[in-house]
2 protein chains.
Amino acid sequence: MINAARHELLAKVAAMYYEGDMTQSDIAAALDLSRVKIYRLLKEAREAQVVRVLIDWPLKRSPALEARLVERFGLEQALALQTGATDSALLRRQIAQLAARFLESLLADGARLSICFGSTTYEVISAIRPDFQANVRVMQATGSLPHALKEFDSSALTRQLARKLGGEARYLSSPLLADNAEAAAVIREQAVVRHALEQVRRADIALVGIGDLDPATSGFVRAGVAGSGQLRSYRERGAIGDMAWQIFDRAGQPFPCELNGRIIGVTLDELSALPRTVAVAVGLNKAAAIAGALRSGAINVLCTDEATAASVLEDGM
Amino acid sequence: MINAARHELLAKVAAMYYEGDMTQSDIAAALDLSRVKIYRLLKEAREAQVVRVLIDWPLKRSPALEARLVERFGLEQALALQTGATDSALLRRQIAQLAARFLESLLADGARLSICFGSTTYEVISAIRPDFQANVRVMQATGSLPHALKEFDSSALTRQLARKLGGEARYLSSPLLADNAEAAAVIREQAVVRHALEQVRRADIALVGIGDLDPATSGFVRAGVAGSGQLRSYRERGAIGDMAWQIFDRAGQPFPCELNGRIIGVTLDELSALPRTVAVAVGLNKAAAIAGALRSGAINVLCTDEATAASVLEDGM
DNA sequence: GCGATTAATGTGCAAATGCACAGCAGCTTC
DNA sequence: GAAGCTGCTGTGCATTTGCACATTAATCGC
């Protein structure tokens, strides 16, 4: 810490420069010091944080929390939105927007993006600016449902996103859920499916949501993939969350259950192997699931809000 | 107010320049824009306050003076800044910073803050750290002016502050000044206005400035609410200062004049009833007005500088 | 007191910045 | 369609800034 008199001098020079719009030479003349000295004082003022340049982002974030998440879970990046929103729908939309802006910054021409559809990723995709163009190849990473729930209609969304981004779509022409593990294996062996999944594994970026298996709200139930009783029993036996329709435990390890075997789509191991997996999730109730997902090592970037981030860190202690 | 996409662009460029230490040419190359364009974006970002340079003044206080103020006027707390600043603009900014730090310490999540806009409170609000978040409900406590003087644009400032704090804004949708007392009464009776004023009365904290009715500098004249002749005559008849656009006398009692009746906003009595009213004011010329305001009993916390504090104490003897 | 070492200060120049001016596209008006 | 207007965009240049290096002052050990 610098002493008070110097602090005062630094602040004074900084005020003359930044608030008084004087040039360094003017200040030097006014204070009877050399120009270089003023330059050095200004530099010192910046270094000592006597002057701070604050940038007001349309979406405000919490760098401190982000840094802790990055360190704690070995992430590449974390995004924690500062928000006063209490309404959960509004909050979700804000997070989706944050994630969309981030994705846009990531997607360069020729990028290959794998998408695991869920209600959160649906919102992220909606939040991507219609005029954003990047010629991206969009790949459907999980199979399709038989019925047309708008936020779970994977192939429609894949196409929509590809068109929005001005790129091409690669579909995973397969049901999301097979009747049993054997059938799932057969389906995965089909040329089109195998080929599509291979493409998914070659993505530069994957986008996933994280679920908490809550029987009341889980996409599993809404999509009719699992019953609420089934989820309850999984949770009791140690399952903590899901991502890309794969259920995992507290440690982020695949949870041994027949459901995981029946899903046709990218696996957690495959997600881990991708260069960059971006996960989006909010809600205090999801904190444990998110912490588990982060422990799996499959995620490189987490996009969430402050409150959830804090809760995840607590859980991760 | 700029739109979100532009705001984003400005913030991005500003971050690259100020945080990423890139030169304007580098940024131009990276974003495929011309250097001049980057220069102009940076300029716009500064003007639109998307980037703000915050100077941290050493905020040294005078506990002895503060204690005397507290005792003499029965305050909850007094803040008297020790400063060598001679330039009055600089001094005002330092006081604003002191007040802002204090407010930040006061504002907890869920707090309700009523603001009486004037040039001083404007500066206090500017000095609040953009990264300070508290989910505060901000309430406009005095009506709006017809023209757009930035430091008097109450509703814009209310919104800006609410956004900054990550909370919500409650507007007082009413003119500040009615043509006569009867019209003012009618306006006050309107459901929206009545409701807004009710909210203001339920605040936890109020922030006010104190004016001295000097015809040459008073906000009344600058805002076109009163003529300088009028102020002169009020002063001759015993008016000493104003706060929340209400004029009072040496004893801090409402000064009987038609102007007070025409103002739509929080009254001195209502301020007195609030749990905590924070007043910010500096300048030897304001000493008598400040002493009057303190005698009114409406103020719990005074934020000023050493010299003014000393002068107020002298006046208050 | 004197050389050695370190910190503070100033010189000179290349790089970065700010800005006046010119050019150009889109729009309105006649 | 010409003329005028408005709002963007880029060129060219003067000013301002950042910094390497030289210089001077201060501090210390002996």
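Hi everyone. A quick definition to start: helices and strands here are DSSP runs, numbered from the N terminus. With that in hand, please find B:Gly110, which sits in the loop between helix H5 (88–106) and strand E4 (112–115) of chain B. And remember as we go that what you are looking at is a predicted model.

Let's stay with that glycine for a moment. Which residues does B:Gly110 touch, leaving aside its neighbours within four places in sequence? They are B:Ala134, B:Asn135 and B:Asp204. Take B:Ala134 as an example: 24 residues separate it from B:Gly110 along the chain, yet in space their C-alpha atoms are 7.3 Å apart.

Now let's step back and look at chain A. Chain A is split into two domains, with domain 1 covering 4–47 and domain 2 covering 63–315. If you take the C-alpha centres of these two domains, there are 51 Å between them.

Domain 2 first. Please go to helix H14, residues 287–295, and helix H15, residues 306–315, both in chain A. Their axes come within 8 Å and cross at roughly 65°, and the crossing of H14(A) and H15(A) is right-handed. On the H14(A) side, the contact uses A:Ala287, A:Ala288, A:Ile290, A:Ala291, A:Leu294 and A:Arg295. From H15(A) come A:Thr308, A:Ser311, A:Val312 and A:Asp315. Sorted by class, the residues where H14(A) meets H15(A) are six nonpolar, two polar and two charged.

Next, the DNA, starting with strand C. There are 13 residues around DNA strand C, and the ones that come nearest are A:Val36, A:Lys37, A:Arg40, B:Tyr17 and B:Tyr39. Of the strand C atoms within 4 Å of the protein, 48% belong to sugar and phosphate.

Which helices supply at least two residues each to the surface near DNA strand C? They are helix H3 (35–47) of chain A and helix H3 (35–47) of chain B. The largest share, five residues, is from H3(B). By class, this surface near strand C has six charged, four nonpolar and three polar residues.

Let's zoom in on some phosphate oxygens of strand C. One is 2.5 Å from a polar side-chain atom of A:Lys37. For B:Tyr39, a polar side-chain atom also lies 2.5 Å from a phosphate oxygen of strand C. With B:Gln24, the backbone takes part: one of its polar backbone atoms is 2.8 Å from a phosphate oxygen of strand C.

On to strand D. The residues from chain A around DNA strand D include A:Tyr17, A:Thr23, A:Gln24 and A:Arg35. From chain B, you will find B:Ser34, B:Val36, B:Lys37 and B:Arg40 there. Sugar and phosphate make up 49% of the strand D atoms that come within 4 Å of the protein.

H3 of chain A and H3 of chain B each give at least two residues to the surface near DNA strand D. Which helix gives the most to that surface? H3(A) does, with five residues. The classes near strand D are five charged, four nonpolar and three polar.

Here are some pairs to look for on your screen. A polar side-chain atom of A:Tyr17 is 2.8 Å from a phosphate oxygen of strand D. For B:Lys37, an N or O atom in the side chain is 2.4 Å from a phosphate oxygen of strand D. B:Arg40 points us to a base instead: a polar side-chain atom of this residue lies 2.5 Å from a base oxygen of strand D.

That's my tour. Thanks for listening!

Methods. Residues numbered from 1 in each chain as written. Chains lettered and ligands numbered in written order. Predicted model: local features only at pLDDT ≥ 70, side-chain atom pairs only at ≥ 80, totals over all residues. Heavy atoms only, no water. Domains from an automatic or database assignment. Near = heavy atom within 4 Å. Polar contact = N/O pair within 3.5 Å; in protein donor to acceptor, adjacent residues only side chain to side chain. Helix = DSSP H or I, 4+ residues; strand = E, 2+ residues; numbered from the N terminus. Nonpolar A, V, L, I, M, F, W, Y, C, P; charged D, E, K, R; others polar. Axes fitted to C-alpha atoms, helices over the stretch in contact; angles between N-to-C directions. Left-handed = near helix turned anticlockwise from the far one by under 90°. Contact = heavy atoms within 4.5 Å.
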